Amino acid sequence: TGLGKNKERLLEQLSRHGAILFRGLPVNTDSDFDRVIQSFGLKNFTYAESLSNAVRRNRTERVFTANEAPASVSIFLHHEMAQTPVYPSKLFFYCEQAARSGGATPLCRSDILLQELAKQAPEFVAACEEKGVRYSNVMPDIDDPESGQGRSWRSTLSTDNKTAAEDKLRKLGYEWKWLEQDSLRVTTAVLPAIKETENGRQVFFNQLIAAFRGWKDARNATEKPIRFGDDSAISKEAMAKAIQIGDELSFDMLWQSGDVVLVDNFLVMHGRRPFEGQRRVLASLIAD
Ligand code: FE2
């Protein structure tokens, strides 16, 4: 598959539309998918180096399972790793096996969401712009595949040593607290909630929707996962608006086995609908 031969044109279309579906290619295995990605000659963004909360398993150097969270768990709209200071610019998805039912990947244009939100909740958008946001979550001591954000602090911070973990957090500007059973509560530095893309579009580039709706598990139940950068509260009403607009604008990518989708991580949010049966969607992240 020589998709990469059309790289310039495809990347131009991607930055205009936000996502491209490739259907009917002879992509039958994870290594076929790896070759498609390689043909683009873009820089890989590794899971090991990322601060992603999700538990994943690598298939090849570039390709990993999208999220090990159980079938019944919804993964809400988000920009990949927008809750951390380092994030990929693009994502490749590959459907190795479509679910028996459900399992679509909702895709939502973040620029259009922001435009709508600015009309319906202008004070909220202004506060996002001025204050930025901070995210808090509790990481377990060992990976918890039952949770959508079950990645252990050992894996997230690439160390088994608590002092080294603290050093890494300090460098990233995070605050932290050790909790029971060696779980670790972290709060990020202030991160922007709105970003401008290279071609000048304003996007709702953050993790507010997914964190507000979805960061709930055995360890993350009581404390609020999101706040403005000055530690003031983000209202439920404002979040309800953002969620509603996101739901209205979402396009459901209904997978067929063999599909490859390229997503612009700055322009488009993605999620995962619950499903029944086996669903194997693989992913790969691009750094540039
Ligand atoms: Fe994701």
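This section describes an internal cavity and the strand pairing in a predicted model.

A search of the whole structure found one cavity of 30 Å³ or more. The volume of the largest cavity is about 120 Å³. Its lining is made up of 15 residues. Those nearest the centre of the cavity are L51, N53, N137, Y174 and V186. With respect to secondary structure, β7 (133–139) and α6 (162–172) each contribute at least two residues to the lining of the largest cavity. The most is given by β7, which supplies three residues. By residue class, the lining of the largest cavity comprises nine nonpolar and six polar residues, and no charged ones.

Strand pairing was examined next. Strands of a sheet pair through backbone hydrogen bonds, in either a parallel or an antiparallel sense. In the model, four strands form an open sheet in the order β3-β15-β6-β13, and their pairing is antiparallel. The edges of this sheet are β3 (75–78) and β13 (251–253), each of which pairs on one side only. On average, neighbouring strands of the sheet are turned by 20° against each other, with direction ignored.

Within this sheet, β6 (residues 105–109) is joined to β13 by three bridges, and the two strands run antiparallel. On β6, T105 stands opposite M253 of β13. A helix also packs against this part of the structure: α3 (residues 110–120) lies across β6 and β15 (268–272). The direction of α3 is at about 60° to β6.

A further set of pairings involves β4 (residues 90–97). This strand is mostly covered, with seven of its eight residues buried. One pairing partner of β4 is β14 (residues 260–264), to which β4 is linked in the antiparallel sense over five bridges. In this pairing, Y94 has V260 of β14 as its bridge partner. Strand β4 also pairs with β17 (residues 280–286), again in the antiparallel sense, over seven bridges. Here C95 stands opposite V281 in β17. In a regular strand, side chains alternate between the two faces of the sheet.

Taken together, the model contains a cavity of about 120 Å³, with β7 giving the most to its lining. The model also contains an open antiparallel sheet of four strands, with α3 lying across β6 and β15. In addition, the mostly covered strand β4 pairs with β14 and with β17.

Definitions and conventions:
Residues are numbered from 1 along each chain as its sequence is written. This is a predicted model: local features need pLDDT of at least 70, side-chain atom pairs count only at pLDDT 80 or more; totals for chains, interfaces and linings use all residues. Side-chain values use heavy atoms; hydrogens and water are left out. On a 1 Å grid over the protein atoms alone, a cavity is a set of points where a 1.4 Å probe fits but cannot get out, and a pocket is an open set with protein on both sides within 12 Å along at least five of seven lines; lining residues have an atom within 4 Å of a point. Grid points are joined across faces, edges and corners, and a volume is the space filled by probe spheres set on the points. Ala, Val, Leu, Ile, Met, Phe, Trp, Tyr, Cys and Pro count as nonpolar, Asp, Glu, Lys and Arg as charged, and the others, Gly among them, as polar. Two strands pair if DSSP finds at least two bridges between them. Axes are lines fitted to C-alpha atoms, for helices over the stretch in contact, and angles run from 0 to 180 degrees between N-to-C directions. Contact means heavy atoms within 4.5 Å. Buried means under 20% relative accessible area, exposed over 50%, partly exposed in between (1.4 Å probe, protein chains only).
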